[in-house]
Amino acid sequence: MPLVHFFETSFVRTTERRILLAELHCEGISAWGECVAGENPFYSEESVDTAWYALVRYLAPAIVGKQFERACECVRLFAPLRGHRMAKAALENALWEAEAMERNLPLWKLLGGTLREIPCGVSIGIQDSVEQLREKVAIELAAGYQRIKLKVKPGWDVAVLEQMRRRWPDILLSCDANSAYTLDDVETLKSFDRFQLLMIEQPLWSDDFYFHAQLQKQLQTAICLDEAIVNARVAQAALEVGSCRIINIKVGRVGGFSEAVRIHDICRQHGIPVWCGGMLEAGIGRSHNIALSTLPNFSLPGDVSASKRYWAEDIIDPPVEVSPQGTISVPDKAGRGFAVKRELIEELTTRRETVSC
Ligand code: OSB
Ligand code: MG
């Protein structure tokens, strides 16, 4: 699926997505999961191709033909496979959908959600010029989004933040470095303090939380970890050593809804707010992000935004829409709450594999 506009992080410019979907057939119920792995293993070790391999060769065979009381029971069956969390999440999340359908409950309720409106922010990629970025920010603010997050990297940081702050002194503004800095850049990172950012996301190495704790001590601005928080145990360790004051939860990055809820709960016990991150999802992943964002400690605007920011036509009906107040209303229907456009998915499908018993 081509993106309506390219999306550039400190590590790659994406112009189109190859999206891996899992459809689960479960006693007459059809449930879906979206694997959020990128086209290349740049955000994490996983890619669409490694996820395909993990799903077809190990994960689907581990659950096909089995009986489940609860969706979370698959976690134990997936455990022998190290890593491959985005692949695991695609199937686990589909199982949660199936469980919600079977119990005739909205997915968000099954997850323990309470919020009926979720606050939305946007993530704006690196642009070809500061002028282009200014136009994008103006459009998203006019649309009502409550928080603007800018992608940064060495060379696209201080001067850019400076100009955005000069134009919009009071908006909720944050930045995301996707691991583009090292401890040699401490002075640059400290200089971000004058921009009054809500947070600086994952400034250092993607697998680190120890050196982030050293950095956090030297910054006024809150650090938010994304890439580094791969499971609840790491989240707990990061909070115990003071690596960050905010956590971004991505259900794919942590291996599925069970682990995402666990991280949410740990953060809540520590008084640490969380928000839901995004991975340029199509509608299935997007609707799962909405469901997760209803849990009570999702108190900051997330990166869950309208379908039309990314897609000319999304694969769900209706598409995700955002109110002029920058919120998404959570659907009341059973399951994900958005219908899947099966014909469109069929048209877009280039590869398919069925695993049955
Ligand atoms: O770090 O949050 C990130 C997109 C791809 C990979 C990593 C990230 C992102 C985003 C986009 O920031 C968020 C979205 O889906 O809108
Ligand atoms: Mg991030």
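In this predicted model, the second largest pocket has a volume of about 520 Å³. Of the 29 residues that line this second largest pocket, Glu140, Ala306, Lys308, Arg309 and Tyr310 are the closest to its centre. Residues are contributed to the lining by both domain 1 (2-104 + 339-348) and domain 2 (110-329), so the second largest pocket lies between them. At the level of secondary structure, at least two lining residues each are supplied by the strands β1 (2-8), β6 (121-124) and β13 and by the helix α5 (130-143). Sorted by class, the lining of the second largest pocket comprises 15 nonpolar, five polar and nine charged residues.

The largest pocket, for its part, has a volume of about 1500 Å³. Its lining is made up of 48 residues, among which Leu21, Ala22, Glu23, Leu24 and Glu353 lie nearest the centre of the pocket. Four elements, namely β3 (20-26), α1 (48-63), α3 (85-102) and α12 (342-348), each provide at least two residues of this lining, and the most is given by β3, with seven residues. The lining of the largest pocket divides by class into 26 nonpolar, seven polar and 15 charged residues.

Enclosed space was also examined, and the structure was found to hold four cavities of 30 Å³ or more. The largest cavity contains about 60 Å³ of space and is lined by Ile118, Pro119, Trp275, Cys276, Ser293, Phe298, Leu300, Gly302 and Val304. Two or more residues of this lining come from each of the elements β5 (117-119) and β12 (274-276). With respect to class, seven of the residues lining the largest cavity are nonpolar and two are polar, while no charged residues are present.

One of the residues that line the largest cavity, Val304, is located in the loop between α11 and β13 (316-317). Val304 has a relative accessible area of 3%, and is therefore buried. When its neighbours within four places in sequence are left aside, Val304 is in contact with Cys120, Gly121, Cys276, Arg286, Asn289, Ile290, Ser293 and Ile328. For one of these partners, Ile290, the C-alpha to C-alpha distance to Val304 is 7.0 Å, at a separation of 14 residues in sequence. Helix α11 (residues 283-292) is itself mostly covered, with 10 of its 10 residues buried; the buried residues of α11 include Arg286, Asn289 and Ile290, which are also listed among the contacts of Val304.

The packing of nonpolar side chains was considered next. The largest nonpolar core contains 115 residues, of which Leu91, Leu150, Phe192, Ile247 and Ile263 touch the most other members. At least three residues of this core are drawn from each of domain 1 (2-104 + 339-348) and domain 2 (110-329). A second, separate core consists of six residues, including Met199, Ala222, Cys224 and Leu300; Leu300 also belongs to the lining of the largest cavity. Within the largest core, Phe192 is one of the members that touch the most others, and, not counting residues up to four places away in sequence, Phe192 touches Asp157, Val158, Leu161, Cys175, Tyr181, Leu197, Ile200 and Thr221.

Definitions and conventions:
Residues are numbered from 1 along each chain as its sequence is written. Chains are lettered from A and ligands numbered from 1 in the order in which they are written. This is a predicted model: local features need pLDDT of at least 70, side-chain atom pairs count only at pLDDT 80 or more; totals for chains, interfaces and linings use all residues. Side-chain values use heavy atoms; hydrogens and water are left out. A nonpolar core is a set of buried Ala, Val, Leu, Ile, Met, Phe, Trp, Tyr and Cys residues joined through side-chain atoms within 4.5 Å. Buried means under 20% relative accessible area, exposed over 50%, partly exposed in between (1.4 Å probe, protein chains only). Domain bounds come from an automatic or database domain assignment. Contact means heavy atoms within 4.5 Å. On a 1 Å grid over the protein atoms alone, a cavity is a set of points where a 1.4 Å probe fits but cannot get out, and a pocket is an open set with protein on both sides within 12 Å along at least five of seven lines; lining residues have an atom within 4 Å of a point. Grid points are joined across faces, edges and corners, and a volume is the space filled by probe spheres set on the points. Ala, Val, Leu, Ile, Met, Phe, Trp, Tyr, Cys and Pro count as nonpolar, Asp, Glu, Lys and Arg as charged, and the others, Gly among them, as polar.
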